[in-house]
Amino acid sequence: CDTYTVGPRRNLCEPFVTAAFAVELREKTVAKAWIAFSGVADRPIRARQTESMLSGKVWHEETVFAALNTLFQEVPITKTHLGQADADYRKQLVMTLFQKFFYQHPTHLDVKPVEQGVAKEFSLHDQPFFDSVA
């Protein structure tokens, strides 16, 4: 399980979209899934159709891509005072945050998690953060 928050800045701002995902796996098959969003509609919502669509399927990339169509149809986006561009951006976040969840939590032993975000560029463990001063 994991949560994601997207906002204009990392601290002290109201987020655009918050997403929460959890997948219970038995072997590589989805036993139960939980998908929830806030900031996309007038109230927090659960994507129950997508959750049930995932149940019983093998947790891999093809399953996630198949679920994106259901997720796109199921999650309503409320237009804000910012207009259609803001609604389209929030709809895109719904899709990309679910993909990000999958890629950051792979289940196959030969696949390494993908670290996405600004922290990866700054925290290289085998290199010093600052150049040495001579």
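Over the ring of which residue does the charged end of Lys91 sit? In this predicted model, that ring belongs to Phe72, and the charged end of Lys91 lies 4.6 Å from its centre.

Aromatic rings also engage one another in this structure. A search of the whole structure yields eight aromatic pairs. One of them joins Trp59 and Phe102 in an edge-to-face arrangement, with 5.4 Å from centre to centre and 70° between the planes. This pair links distant parts of the chain: Trp59 belongs to the loop between helix 1 (48-54) and helix 2 (61-74), whereas Phe102 belongs to helix 3 (residues 84-104), 43 residues apart. Trp59 and Phe102 are both buried. Ring pairs further connect Trp59 and Phe102 with Tyr4, Phe21, Phe37, Phe98, Phe101 and Tyr103 in a cluster.

Several members of that cluster reappear in the nonpolar interior. In soluble globular proteins, nonpolar side chains tend to be buried together. Here the largest nonpolar core comprises 28 residues, of which Phe21, Phe37, Leu54, Leu71 and Phe98 touch the most other members. Two or more residues of this core come from each of strand 1 (2-6), strand 2 (17-26), strand 3 (29-38), helix 1, helix 2 and helix 3. Helix 3 gives the most, contributing seven residues.

The surroundings of Phe37 can be listed in detail. Leaving aside residues up to four places away in sequence, Phe37 touches Val17, Thr18, Ala19, Phe21, Pro44, Ile45, Leu71, Val75 and Val94. Two of these contacts, Phe21 and Leu71, are themselves among the residues that touch the most other members of the core.

Leu71 leads on to helix 2, where Leu71 is buried together with Thr63, Val64, Ala67, Leu68 and Glu74. An α-helix has 3.6 residues a turn, so residues three or four places apart point the same way. The cover over the buried residues of helix 2 includes strand 3, strand 4 (45-46), helix 1 and helix 3. Helix 2 itself has 14 residues and reaches 20 Å from its first C-alpha to its last, close to the 20 Å expected at 1.5 Å a residue.

Strand 1 offers a further point of reference in Val6. Val6 counts as buried because its relative accessibility is 16%, which falls under the 20% limit. Val6 and Phe16 are 10 residues apart in sequence, and their C-alpha atoms are 5.6 Å apart in space.

Note on methods: Residues are numbered from 1 along each chain as its sequence is written. This is a predicted model: local features need pLDDT of at least 70, side-chain atom pairs count only at pLDDT 80 or more; totals for chains, interfaces and linings use all residues. Side-chain values use heavy atoms; hydrogens and water are left out. Rings of Phe, Tyr and Trp (its six-membered ring) pair if their centres lie within 6.5 Å; planes under 30 degrees apart count as stacked, over 60 as edge-to-face and the rest as tilted. Helices (H or I, at least four residues) and strands (E, at least two) are DSSP runs, numbered from the N terminus. Buried means under 20% relative accessible area, exposed over 50%, partly exposed in between (1.4 Å probe, protein chains only). A charge sits over a ring if NZ of Lys or CZ of Arg is within 6 Å of the ring centre and within 35 degrees of the ring normal. A nonpolar core is a set of buried Ala, Val, Leu, Ile, Met, Phe, Trp, Tyr and Cys residues joined through side-chain atoms within 4.5 Å. Contact means heavy atoms within 4.5 Å. The expected span of a helix is 1.5 Å times one less than its number of residues.
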